[in-house]
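Grab a pencil and work through these exercises with the structure open beside you. Try each task before you read its solution.

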Amino acid sequence: MTMRRVAASLVPPWLEPLLTTPFFSICSAHAEAARNERNMFCLDCGGADSGAFCLYCRSERHAGHRVIQIRRSSYHDVVRVAEIQKVLDIGGVQTYVINSARVLFLNERPQPRASGKGASPHTCEICARSLLDPFRFCSLGCKLVGIQRNGDATFVLPPDEEDDKPAASAAGGGGRRWEDAAEEEQNKTVRSRDFRSATLPNSRRRKGIPRRAPLSS
């Protein structure tokens with residue numbers, strides 16, 4: 001079996017489209033709507049028909065599908081570990097905590113190899129980026145390159161760890177769980193903002209008119 005075939009068996013077909021899709025442009029179909037940035041990707045469609053899309057496109061064209069949300073850190077695309085580990089074996093990839101959430105980067109962020117005192121002994125096998133911990137890769141993209149070169153890692157989860165069971169997928173249950181979880185995540189920010197607004201003291205509230213006690217005779 002050739003290395004190309006080995007790599008194909010270790011990588012889901014939607015991963016390379018995900019890593020090459022540009023995110024965070026404005027959705028032309030919903031240009032006048034709020035929260036219209038294209039920051040979502042459908043695993044079931046594999047990006048074949050639409051690539052990145054916005055919240056409204058998700059409801060219109062990807063209801064019931066497995067959809068992940070891409071986020072951004074320092075101009076680089078990241079995905080939350082809690083989402084991606086349901087569908088990918090992310091073993092060997094360095095994770096980071098950003099805004100209280102554990103994330104990993106989609107693609108490499110090359111940097112010169114540090115040297116001298118204080119240099120990390122851990123580096124990415126592909127791009128030589130310094131790592132915080134003893135992982136092999138700095139990103140999903142670098143792990144993909146490692147698999148294509150050596151075939152000594154995998155993105156495919158063992159059958160007992162897959163989030164979507166065949167029965168659930170056939171009934172649409174797996175996609176529904178993904179859809180409900182994504183909607184709950186998107187609504188957290190709105191609920192938090194509404195709660196803070198409701199609990200803020202009203203500094204402009206008029207005080208009651210003071211009443212003097214009647215004079216005693």
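**Exercise 1: The sheet**

In what order do the four strands of the open sheet lie, and is their pairing parallel or antiparallel?

*Solution.* Keep in mind as you look that this is a predicted model.

Step 1. Read across the open sheet: the order is 3-4-6-5, and the pairing is antiparallel.

Step 2. Look at the edges. Strand 3 (71-73) and strand 5 (96-98) each have a single partner strand, so one side of each has no neighbour in the sheet.

Step 3. Now check the angle. Ignoring direction, neighbouring strands of this sheet are turned by 55° against each other on average.

**Exercise 2: Walking from strand to strand**

Find how many bridges join strand 3 to strand 4, then carry on across the sheet.

*Solution.*

Step 1. Strand 3 and strand 4 (residues 76-80) run antiparallel and are joined by three bridges. One pair to spot is R71 with its bridge partner V78 in strand 4.

Step 2. Move on to strand 6. Three bridges pair strand 4 with strand 6, again in the antiparallel sense. Here V79 has L104 of strand 6 as its bridge partner.

Step 3. Finish with strand 5, which pairs with strand 6 in the antiparallel sense over three bridges. Look for V97, standing opposite R102 in strand 6.

Step 4. Check the turn as well. The hairpin of strand 5 and strand 6 has two residues between the strands, and N99 takes a positive phi near 55° in this hairpin.

Step 5. How enclosed is strand 6? Four of its five residues are buried, so strand 6 is largely enclosed by the rest of the structure.

**Exercise 3: One residue in an edge strand**

Is S73 buried or exposed, and which residues is S73 in contact with beyond its neighbours within four places in sequence?

*Solution.*

Step 1. Locate S73: this residue lies in strand 3.

Step 2. Compare its relative accessible area, 12%, with the cut-off: buried means under 20%, so S73 is buried.

Step 3. Leave aside the neighbours within four places in sequence, and the contacts of S73 are V78, I98 and F105.

**Exercise 4: The nonpolar cores**

Which residues touch the most other members of the largest nonpolar core?

*Solution.*

Step 1. This core has 27 residues, and W14, I84 and L140 touch the most other members.

Step 2. Ask which helices contribute. Helix 1 (3-10), helix 2, helix 4 (81-84) and helix 5 each supply at least two residues of this core.

Step 3. Zoom in on L140. Leaving aside neighbours within four places in sequence, its contacts include L19, L88, I90 and F155.

Step 4. Look for the other core, which lies apart and has 10 residues, among them V103, C124, F137 and C142.

Step 5. Link this back to helix 5 (residues 140-150), whose buried residues include L140, C142, L144 and I147. In general, nonpolar side chains in soluble globular proteins tend to be buried together.

**Exercise 5: Positive phi values**

Where is R35, and where is A128?

*Solution.*

Step 1. Here's the background: most residues other than glycine have a negative phi.

Step 2. R35 has a positive phi, near 50°. You'll find R35 in the loop between helix 2 (15-20) and strand 1 (40-42). At 47% relative accessibility, R35 is partly exposed.

Step 3. A128 has a positive phi too, near 70°. A128 sits in the loop between strand 6 (101-105) and helix 5, and with a relative accessible area of 18% it is buried.

Step 4. Add a glycine to your list: G151 follows helix 5 and has a positive phi near 65°.

**Exercise 6: Bonded or not?**

Why do C27 and C57 not count as a disulfide?

*Solution.*

Step 1. Recall the cut-off: the two sulfur atoms have to be within 2.5 Å.

Step 2. The cysteine sulfur closest to that of C27 is in C57, 3.6 Å away, so the pair is too far apart for a bond.

Step 3. Check their surroundings. C27 is buried at 5% relative accessibility, and C57 is buried at 2%.

Step 4. Count for the whole model: there are zero disulfides.

Methods:
Residues are numbered from 1 along each chain as its sequence is written. This is a predicted model: local features need pLDDT of at least 70, side-chain atom pairs count only at pLDDT 80 or more; totals for chains, interfaces and linings use all residues. Side-chain values use heavy atoms; hydrogens and water are left out. Two strands pair if DSSP finds at least two bridges between them. Axes are lines fitted to C-alpha atoms, for helices over the stretch in contact, and angles run from 0 to 180 degrees between N-to-C directions. Buried means under 20% relative accessible area, exposed over 50%, partly exposed in between (1.4 Å probe, protein chains only). Contact means heavy atoms within 4.5 Å. A nonpolar core is a set of buried Ala, Val, Leu, Ile, Met, Phe, Trp, Tyr and Cys residues joined through side-chain atoms within 4.5 Å.
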